[in-house]
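Biologist: Before I accept the labels on this model, I would like to hear the reasoning behind them. Shall we go through them one at a time?

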Amino acid sequence: MSTIAVNLDDLRQQIIIAEQRYGRHPGSTQLVAVSKTQPVSAIHEAVVSGQRVFGENYIQEAIPKIKALKQFDLEWHFIGSIQSNKTHEIAENFQWVDSIDRLKIAERLNEQRPKNLPPLQVCIQINIDDEASKSGISPDLVPELAKAISKLPQLKLRGLMTIPKQKDNFEQQRSTFYQLAEILRDLNESGLNLDTLSMGMSNDFEAAIAERATHLRIGTAIFGQRD
Ligand SMILES: *Cc1c(COP(=O)(O)O)cnc(C)c1O
């Protein structure tokens, strides 16, 4: 087996064990393989090992890969920061956008989503640790943005996404993810119907599973260290 196949097998085992440990339904956490900077050949290896869902950060890099792998039934998540002049390519080529943090971007994606495709599934990115260097909006602005996005017909608001500060301590990782899960719960209590928490990366996915993650975005643990 290739390294990628072995890594994916290991990761799937760890996800199953964490789901059991934290009382999650088996299979309730999806793996989004983050393939930024990886060549088509590496993604192809993951596909051959049964991986269907991929995440990309850079549109120029993503489009040729999506085209090269057209013959497979894959699901692509855009997870990077979004420039206005790139929204049409995202709207035309992705099934999900996890990283929306402005209404203007959501409105452009809504206008540019081709009418023959199902609505683009989107998450709002929250800057949970309030870091200047990170995209995402502050938690107190989320209800208003969520309400506005949920009215856009070519988008389907699914939930929330975050990239926390690196924390080595498991309980600290958990408490950050708990905050995101609680924001989702509040939104649902206010009348929205959201089901997605895109949270957890290579170094903190177990804590994310413990706190109700539905989509783990994992790169390094599958493809190895990026250059
Ligand atoms: C790169 C990236 C990941 C994957 O991070 P790893 O630590 O390699 O697992 C997840 N989410 C986003 C938004 C990323 O940019």
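Biologist: What makes the pair of arginine 217 and the ligand a polar contact?

Modeller: This is a predicted model. In it, an N or O atom in the side chain of arginine 217 is 2.9 Å from a nitrogen atom of the ligand. The cut-off for a pair of N or O atoms is 3.5 Å, so the pair counts as a polar contact. The protein covers 90% of the 390 Å² of accessible area that the ligand has on its own.

Biologist: Which polar atom of glycine 219 lies 2.9 Å from an oxygen atom of the ligand?

Modeller: A backbone atom of glycine 219. For serine 202, a polar side-chain atom lies 2.5 Å from an oxygen atom of the ligand.

Biologist: How do the residues of the shell around the ligand divide?

Modeller: Into 5 nonpolar, 4 polar and 3 charged. Among the surrounding residues are Val34, Lys36, Asn57 and Thr220. The space that the ligand takes is the largest pocket.

Biologist: Why is aspartate 130 called exposed?

Modeller: Its relative accessibility is 65%. Exposed means over 50%, so the label applies. Aspartate 130 is in the loop between β5 (120-126) and α6 (142-149), and has a positive phi of about 55° although it is not a glycine.

Biologist: Why does arginine 212 count as partly exposed?

Modeller: The relative accessibility of arginine 212 is 33%. Buried is under 20% and exposed is over 50%, so a value in between is partly exposed. Arginine 212 lies in the loop between α8 (205-210) and β8 (215-218), with a positive phi near 80°.

Notes:
Residues are numbered from 1 along each chain as its sequence is written. This is a predicted model: local features need pLDDT of at least 70, side-chain atom pairs count only at pLDDT 80 or more; totals for chains, interfaces and linings use all residues. Side-chain values use heavy atoms; hydrogens and water are left out. A residue is near a molecule or strand if one of its heavy atoms lies within 4 Å of it. A polar contact is a pair of N or O atoms within 3.5 Å; within protein, one must be able to donate a hydrogen and the other to accept it, and residues adjacent in sequence count only if both atoms are side-chain atoms. Accessible areas come from the Shrake-Rupley method with a 1.4 Å probe; for residues, only the protein chains shown count as cover. On a 1 Å grid over the protein atoms alone, a cavity is a set of points where a 1.4 Å probe fits but cannot get out, and a pocket is an open set with protein on both sides within 12 Å along at least five of seven lines; lining residues have an atom within 4 Å of a point. A molecule sits in a cavity or pocket if more than half of its atoms lie within 2 Å of its grid points. Ala, Val, Leu, Ile, Met, Phe, Trp, Tyr, Cys and Pro count as nonpolar, Asp, Glu, Lys and Arg as charged, and the others, Gly among them, as polar. Helices (H or I, at least four residues) and strands (E, at least two) are DSSP runs, numbered from the N terminus. Buried means under 20% relative accessible area, exposed over 50%, partly exposed in between (1.4 Å probe, protein chains only).
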